[in-house]
Amino acid sequence: MALDPDTFAALIDTVRRYVAERLRPLEAQVEADDAVPDAVVAEMREMGLFGLSIAEDYGGLGLTMGEEARVAIEMGRTTPAFRSTFGTNVGIGSQGLVLAGTAEQKAEWLPRIAAGEIVTSFALTEPGVGSDSGAVATRAVRDGDVYRLSGTKRYITNADRADLFTVMARTGDAPGGRGVSAFLVPRTLAGVSVGEAEKKMGQRGAKVADLHLDEVAVPVANRLGEEGEGFKIAMRVLDRGRLHIAAVCVGVAERLIADCVAYASERRQFGKAIAEHQLIQAMIADSKTEALAARALVLETAAAKDAGTDVVLESAAAKYYASEMVGRVADRAVQIYGGAGYIADYGIERLYRDVRLFRIYEGTSQIQQLIIARETLKRGG
């Protein structure tokens with residue numbers, strides 16, 4: 001259920017001011033330390049950001065997809081690591097529970113997820129499994145009242161601090177996704193271990209690491225849905241996650257455009273501000289037009305999802321277009337800033353590196369193209 005307009009307007013205003021006044025001044029520190037300060041994490045818990053998408057019955061804010069997208073746009077105006085701090089709790093780390101959890105599972109986990117008391121993570125990718133997500137090799141063998149899980153998951157966001165993993169594992173011999181099931185795996189279970197955080201091109205402060213499962217005894221009660229439903233659950237979770245990421249891309253693009261306008265209005269060459277030069281204006285115009293188009297697509301798709309419409313195609317299109325768009329905007333920003341855009345002090349080169357990941361996770365651009373084409377063919381145009 002949507003918040004009343006005044007309450008939601010107050011939430012957006014609070015997030016916008018928090019990003020501008022609290023988070024943006026910390027960007028260089030997060031980059032240098034490769035960590036989000038503990039005080040900021042605590043503040044985000046107090047603001048309810050860990051429970052944006054979780055129903056009020058479980059202590060969350062219960063935002064609609066449209067409302068969540070608006071918040072994600074605002075969070076996109078600062079380094080992506082801040083959004084990633086609570087992003088898995090809002091999206092891929094919790095939505096399997098929301099969509100397919102039993103009443104008992106939801107009661108046990110969702111209130112703590114919404115409060116930020118525990119951090120969740122989504123474990124699908126493996127060393128040999130990326131875009132071909134139906135090729136999961138991690139095994140889950142039934143042994144009485146437990147499943148014994150063995151395998152390795154790779155590039156798992158927030159694995160370094162996650163308390164609960166939604167793990168996709170193969171429970172049968174059926175080929176592809178039909179043999180994959182989903183499990184809630186607490187970090188405290190014997191046989192669960194997490195590798196060292198990877199060194200990445202960008203998005204410092206948001207960690208990814210391997211998850212190792214060595215004959216982990218997971219209670220049958222921790223299975224999400226029935227055996228063989230894991231892949232279907234994962235795909236439904238990713239549909240929502242793609243729309244969320246698309247909204248973040250819009251926010252980053254809007255921030256970059258604003259920075260470019262401010263810089264171009266002050267920087268002078270050939271006796272006038274570079275904002276007065278038509279080729280600079282062309283780059284700003286292209287960036288603004290593409291950002292507006294992405295925003296419209298995201299919000300329209302979010303509204304359709306809230307109305308109960310199947311948005312598999314539209315979510316993929318939003319993620320594809322918005323993630324590619326923000327890459328182009330970031331590239332133009334470096335060009336507008338010139339030499340300054342290549343220097344760390346201005347933060348433009350950092351965002352240039354940060355946004356590159358958006359075209360990869362939650363499904364690469366090429367996977368989005370396949371989904372868009374498949375769904376368009378199914379619909380007849």
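**Gly179, a strand pair and the nonpolar cores**

Trainee: Leaving aside its neighbours within four places in sequence, which residues is Gly179 in contact with?
Mentor: Good place to start, and keep in mind that this is a predicted model. Gly179 is found in the loop between strand 4 (164-170) and strand 5 (180-186). With the neighbours within four places set aside, the residues in contact with Gly179 are Ala169, Arg170, Thr171, Gly172 and Ala174.

Trainee: Is Gly179 buried or exposed?
Mentor: The cut-off for buried is under 20% relative accessible area. Gly179 has a relative accessible area of 3%, so this residue is buried.

Trainee: Which residue in strand 4 stands opposite Ser121?
Mentor: Ser121 belongs to strand 1 (residues 120-123), where Ser121 and Ala123 point one way and Thr120 and Phe122 the other, all of them buried. Strand 1 pairs with strand 4 in the parallel sense, over four bridges. Within strand 4, the residue opposite Ser121 is Phe165.

Trainee: Which helix gives the largest share of the largest nonpolar core?
Mentor: That core has 42 residues, and Val252, Leu256, Val298, Val326, Ile336 and Phe358 touch the most other members. Two or more residues each come from helix 4 (65-75), helix 8 (230-266), helix 9 (278-306), helix 10 (312-337) and helix 11 (348-354). The largest share, 14 residues, is from helix 8.

Trainee: How many residues are in the other core, the one that includes Ile12?
Mentor: Let's finish with Val326 first: beyond its neighbours within four places in sequence, Val326 is in contact with Cys249, Val252, Ala253, Val355 and Phe358. The other core lies apart from the largest one, and Ile12, Val19, Leu23 and Val40 are among its members. Its residue count is 25.

Definitions and conventions:
Residues are numbered from 1 along each chain as its sequence is written. This is a predicted model: local features need pLDDT of at least 70, side-chain atom pairs count only at pLDDT 80 or more; totals for chains, interfaces and linings use all residues. Side-chain values use heavy atoms; hydrogens and water are left out. A nonpolar core is a set of buried Ala, Val, Leu, Ile, Met, Phe, Trp, Tyr and Cys residues joined through side-chain atoms within 4.5 Å. Buried means under 20% relative accessible area, exposed over 50%, partly exposed in between (1.4 Å probe, protein chains only). Contact means heavy atoms within 4.5 Å. Two strands pair if DSSP finds at least two bridges between them.
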